[in-house]
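Reader: I've got the sequence and the model open. Can you walk me through how the two chains meet?

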2 protein chains.
Amino acid sequence: MRKGKIYVVSGPSGVGKGTIVRKLIEDYDNIALSVSATTRSPRTGEVDKVHYFFITKDEFTEIINKDGFIEYAEYCGNYYGTPKAAVYEKLEQGIDVILEIEVQGGIQVMEKFPEACGIFILPPSMAVLEKRLRGRQSEDEETIQKRLKTAKEELSKVSMYDCFVVNGPIEKAVEDVAEIILKNRE
Amino acid sequence: MRKGKIYVVSGPSGVGKGTIVRKLIEDYDNIALSVSATTRSPRTGEVDKVHYFFITKDEFTEIINKDGFIEYAEYCGNYYGTPKAAVYEKLEQGIDVILEIEVQGGIQVMEKFPEACGIFILPPSMAVLEKRLRGRQSEDEETIQKRLKTAKEELSKVSMYDCFVVNGPIEKAVEDVAEIILKNRE
């Protein structure tokens, strides 16, 4: 049986990669989203074990010590990581697994798993990215400026990835990502 | 009367930016392509004064000395530059002018003309970019490897640009670029 493939979906904060991958797993078969662990606080509407495993810094450190993460990274003061066990299980079942992770962690994964396919999501423009970051309204000006600076640094890593998708109209971006995955199955 | 706007269209060698901008000026009104001067040899099918002004290095140096370029740059051993006069004339007539230039020159222009809009064209994937570079067949392996390395360096400058377009199906890429230009006219 065909084994699943790991897809690393990254892009700057606010680019909408979360929306894309969630629509993708709704619309297509045999694609699953790996649920990450994080030490950051849930945003409005985010559900524990669905969007993230929301855990404490102590719990996070314990998993690191047991070598239980595919990757983990610190980002804007919080920790994010991808637990190994669930991913391996799905690959064995022939399910493609999407790791929606920030760029620093994504590059780590592609270095450890050269067979993984890296998909970088870009905003249609820097203006749209800034608007999306501001629209989120969960952060103050200083945090937004920090995120914009981080976004530019992240964009500069784009050539470390294999495929590029611009998130203009969301349906088109989902189709573009799906096309990459379906072509790899042929 | 509305003045024209400068659009800097850049992207790695082989990404197809030339094809996009030529289709763009065919399909849309009041968009003109600035013709660059270059010291490189014409490729098959390239016509002097249409695709480039093919000039000698001495002629190129003379224009530099007269401050007659909006920008110029050395690239893979050849010189490329954008003559000023023709661009200014078109802007005055309300025509948007596309400068199709490589990344190094594009960034120069955007620094000198902050009102210019930078559009960065990305390939759908690194694999496609490599295929396109190989398909061109006008270069040997060493040159291709050099261009691939240059392409990655160029991609890392993507966040210096304002808008991002992936060149998958050509018609879609042309529409995406046109949409950016038409929105700016509103």
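Reader: Which residue of chain A comes closest to the rotation axis?

Author: Quick housekeeping: this is a predicted model, where local features need pLDDT of at least 70, side-chain atom pairs count only at pLDDT 80 or more, and totals for chains, interfaces and linings use all residues. Residues are numbered from 1 along each chain as its sequence is written, with chains lettered from A and ligands numbered from 1 in the order in which they are written. Chain A lands on chain B after a rotation of 180° with 0.0 Å of shift along the axis, RMSD 0.0 Å (least squares on C-alpha atoms of residues with pLDDT of at least 70 in both), so the copies are related as by a two-fold rotation axis. At 2.1 Å (C-alpha), the chain A residue closest to that axis is Ser156(A).

Reader: Which element gives the most to the side of chain A that touches chain B?

Author: The contact (C-beta atoms, placed from the backbone, within 7 Å) takes 16 residues from chain A and 16 residues from chain B. Helix H5 (126–135), helix H6 (141–155) and strand S9 (163–166) of chain A each supply at least two; helices (H or I, at least four residues) and strands (E, at least two) are DSSP runs numbered from the N terminus. With four residues, the top contributor is S9(A).

Reader: What percentage of the interface residues of chain A are also interface residues in chain B?

Author: The copies meet through the same surface. That's because the share of chain A's interface residues that are also interface residues in chain B is 100%.

Technical notes:
Two residues are in contact if their C-beta atoms, placed from the backbone, lie within 7 Å.
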